[in-house]
Amino acid sequence: MSLTTHRVLQGDSDISGSRSILLHTVNGTSVSKSAHAIFIVAAAVVGVGGLASRHIEVGSLLAGALVLAYFMTREVVFTVYGDGRKISRTVKGGAADVRQAIEFADRIDRLACLVTRSPEVEPRVRGDVPPPV
């Protein structure tokens with residue numbers, strides 16, 4: 001997904017399968033994340049069980065595998081809504097960084113506000129100085 005001066009584009013602009021939403025029609029964005037936290041709990045139980053049963057190597061190996069499974073189940077879904085449509089991007093595994101998705105959503109929201117000439121509802125980014133009155 002990429003952001004241009006006038007639109008949010010998903011896919012390659014040279015391929016007919018690409019989709020886009022014009023910035024002046026953007027209604028909003030959403031970022032959701034999920035992961036199977038049961039793997040972390042199971043890793044802790046297996047690690048403690050390995051220590052208690054004096055099979056530290058086996059316990060730590062299984063705990064490591066469960067932690068890896070947790071990171072592989074992480075998922076971030078980024079969605080842009082506008083013009084009665086939506087475009088989404090799902091990132092799974094270790095590349096699922098929710099902070100980057102939120103920063104991208106903030107950029108889209110900010111540009112959409114500027115394009116629609118509504119700076120009073122423009123989202124503030126940390127460190128921004130309020131506009132003069």
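## The largest pocket

Met 1, Val 76, Val 77, Phe 78, Arg 89, Val 91, Ala 95, Asp 97, Gln 100, Ala 101 and Phe 104 line the largest pocket. This is a predicted model. The space in this pocket comes to about 220 Å³.

What kinds of residue make up the lining of the largest pocket? There are 8 nonpolar, 1 polar and 2 charged residues. Gln 100 is one of the lining residues, and so are Arg 89 and Asp 97. Three elements each give at least two residues to the lining: β5 (75-82), β6 (85-92) and α3 (98-115).

## The sheet β4-β5-β6

β5 and β6 also belong to an open sheet of 3 strands. Its order is β4-β5-β6, and the pairing is antiparallel. Which strands stand at the edges? They are β4 (26-34) and β6, and each of them pairs on one side only. From one strand to the next, the twist averages 10°.

β4 and β5 run antiparallel and are joined by 8 bridges. One bridge links Val 31 with its partner Phe 78 in β5. Helix α3 packs on this sheet and touches β4 and β5. The direction of α3 makes about 175° with that of β4. Phe 78 appears in the pocket lining as well, and α3 supplies at least two residues there.

## The sheet β1-β2-β3

Another open sheet has 3 strands in the order β1-β2-β3. Its pairing is antiparallel. The edge strands here are β1 (2-3) and β3 (19-22), each pairing on one side only.

How many bridges pair β2 with β3? Strand β2 (residues 7-10) and β3 pair over 4 bridges, in the antiparallel sense. Gln 10 stands opposite Arg 19 in β3. Strands of a sheet pair through backbone hydrogen bonds, either parallel or antiparallel.

## Helix α1

Helix α1 covers residues 38-52, which makes 15 residues. How far apart should its ends be? At 1.5 Å a residue, the helix should span 21 Å. Its end C-alpha atoms are 21 Å apart, so the model agrees with the expected span.

Arg 54 follows α1. The phi of Arg 54 is positive, near 65°.

Definitions and conventions. Residues numbered from 1 in each chain as written. Predicted model: local features only at pLDDT ≥ 70, side-chain atom pairs only at ≥ 80, totals over all residues. Heavy atoms only, no water. 1 Å grid on protein atoms, 1.4 Å probe; cavity = no way out; pocket = protein on both sides within 12 Å on 5 of 7 lines; lining within 4 Å. Points joined across faces, edges and corners; volume = space filled by probe spheres on them. Nonpolar A, V, L, I, M, F, W, Y, C, P; charged D, E, K, R; others polar. Expected span 1.5 Å × (residues − 1). Pairing = 2+ DSSP bridges. Axes fitted to C-alpha atoms, helices over the stretch in contact; angles between N-to-C directions. Contact = heavy atoms within 4.5 Å.
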